[in-house]
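Reader: I am new to this structure and would like to learn how to read the place where two domains meet. Could you take me through it step by step?

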Amino acid sequence: MTETISSKNSAAKFLKLDERGRRALESLAPRLQELCSVNPESVPVMEAKTSALTDSVIAELPVIKGEDLESVFSRARKVAKAWVATDIRERKRLVLAFVDTVLANRDAILDVIQWENGKSRGSAFEEVYDVVLNSRFYAKHAAKMLRSKRVPGAMPGLTHTQINYIPKGVVGIISPWNYPFNLAASDAIAAIMAGNAIVLKPDSQTPFSALVVKSLMERAGLPKDLFQVVIGAGRELGTPMIELSNYMMFTGSSATGRSIAERAGKNLIGCSAELGGKNAMIIRADAPIDRAVAGAVKACFSSSGQLCISIERLFVHRDIWDEFVPKFVAQVKKMNLDASMDWKADIGPLINDSQVEKVTEHINDAVAKGAKVLAGGRLVPEVSKRAFLPTVLEGVTPDMQVFGEETFGPLVSLYKFDTDEQALSLVNDTNYGLNSAIWSGDVKIAQSMALRVEAGTVNINDGYAAAWGSIHAPSGGFKDSGLSHRHGEEGIVKYTDVQTVATQRLMPIGAPKLLGEKVWANLLHSYLKVQQRFDL
């Protein structure tokens, strides 16, 4: 009887969530199918897309075939020619208008993100916050970053040399399901401010946030086909997107990123990729323990651990192990796991059955080989069929899958260490190098250690937000964790071709007839010796 009542209560709850999600989506993107770019001469196949939160069908969308992408890119190339001629001050005005539409529709956007992805509201808000932060940053700073720059020429006073930044043209973006609003918008905004058009393929599981981005961009006044969204599987659209794009931006697994980079290389186009990670956090003996506990919980379990920069390996100094670990485990056990759209849940359901299977496989393999579950370790079906408790493992060894493989779920492994040298060795013992963190009461020591961490971002006394939110600085990965960067000047210049224009004045570079080659060469040689002697 209890199970029946629970099932009825869940059904009623999910029905209300569906109604709320549908209202939000209709208010943001009332013409869903029209927002999907297709070939008007082909009849698209309609495909139902479901909610990770409630398992109900959200809507049917038109799926495009790879052979039909040419028509989409043709429209993109056409609008790109007009957009590149648009004054950058006008681009700024339109992007800031987009920011206004995002801010004005925050709650509805959060509802849509949660409805299709299942994450907690706090994690969904991080997406909206990041989009606003990035959009404002590039709107305000793009003109300075992309302004033509004069540099010293071949002959001082006689050679005027200038660096120009020419938009690539059409940028192809393949965005993931874990941050469907943020990574659909933020990468695109940088490319748009640089003067490019966008063709975006969101993950097939979470297309609605991307369609909301498109709808809000058009509502803000951006040209209709400047940002296009195509719906379809990566295996169908990936290769033709690379063939048709002038630059590729990808966020996802290292295996897929390597394949995309290889194909982009064959086409001699640029590629940027943020890939997987087995991110680590070091808790030194002098760390502020209560702050470190709270920071570690957030770093490990934000977005249900389905975050590229989340922490999956936690290294705790032996001297504070007996104090830190019980406090950490206690806080993990207090986390509120729920399928909801309110602010009370700390963690939401996983995106799909495959993620549940991956997390379960890593836990079962570790336990079978001697690891101990300190918290979590199981599904909570009364919440939802993919609601997985945040899980902490102890006693993980190199023969276990979870030791080196990325889990991408609510699972962290704890390890003891004795010295900073040992901790750094353990942290760097991976093919990945995306994000890391160090907690310490001595910031100078932590900063010194950070220089030896083989990762693109290192947070001191924080888990990931400090580095990720520092958008003036580049964010990327070492080793198998990525190519190029997003954020900072690097995050917009990558969407341009760098051109050098050198204008020679008064006299050509070469020996004047009156001097001859020998005398000219000797004069240049003397000039170089003077430069070297006086460090000019």
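Author: Let us begin with charge pairing, keeping in mind that this is a predicted model. Between domain 1 and domain 3 the count of salt bridges is zero, and the count of residue pairs in polar contact, both at pLDDT 80 or more, is zero as well.

Reader: Which kinds of residue make up the side of domain 1 that touches domain 3?

Author: That side divides into four nonpolar residues and one polar residue, with no charged residue.

Reader: How is the size of such an interface expressed, and what area do domain 1 and domain 3 bury between them?

Author: The size of an interface is often given as the accessible area lost when the parts come together. Here domain 1 and domain 3 bury about 360 Å² between them, and 84% of that area is on carbon and sulfur atoms. On the domain 1 side, M155, P156 and L158 supply 87% of the area buried against domain 3, which is more than any other three residues supply. In terms of contacts, five residues of domain 1 meet six residues of domain 3, while the C-alpha centres of these two domains lie 54 Å apart.

Reader: Where in the sequence do the domains run?

Author: The domain assignment gives domain 1 as 1-275 + 490-494, domain 2 as 280-473 and domain 3 as 506-534.

Reader: Turning to a helix, which residues of α9 are buried, and what covers them?

Author: In helix α9, residues 234-244, the buried residues are L237, G238, P240, M241, I242 and L244. Their cover includes the helices α3 (69-84) and α10 (254-266), together with the strands β5 (170-174), β6 (197-201) and β8 (247-251).

Terms used. Residues are numbered from 1 along each chain as its sequence is written. This is a predicted model: local features need pLDDT of at least 70, side-chain atom pairs count only at pLDDT 80 or more; totals for chains, interfaces and linings use all residues. Side-chain values use heavy atoms; hydrogens and water are left out. Domain bounds come from an automatic or database domain assignment. Contact means heavy atoms within 4.5 Å. Buried area is the accessible area (1.4 Å probe) that two parts lose on being put together, summed over both. A salt bridge is a side-chain nitrogen of Lys or Arg within 4 Å of a carboxyl oxygen of Asp or Glu. A polar contact is a pair of N or O atoms within 3.5 Å; within protein, one must be able to donate a hydrogen and the other to accept it, and residues adjacent in sequence count only if both atoms are side-chain atoms. Ala, Val, Leu, Ile, Met, Phe, Trp, Tyr, Cys and Pro count as nonpolar, Asp, Glu, Lys and Arg as charged, and the others, Gly among them, as polar. Buried means under 20% relative accessible area, exposed over 50%, partly exposed in between (1.4 Å probe, protein chains only). Helices (H or I, at least four residues) and strands (E, at least two) are DSSP runs, numbered from the N terminus.
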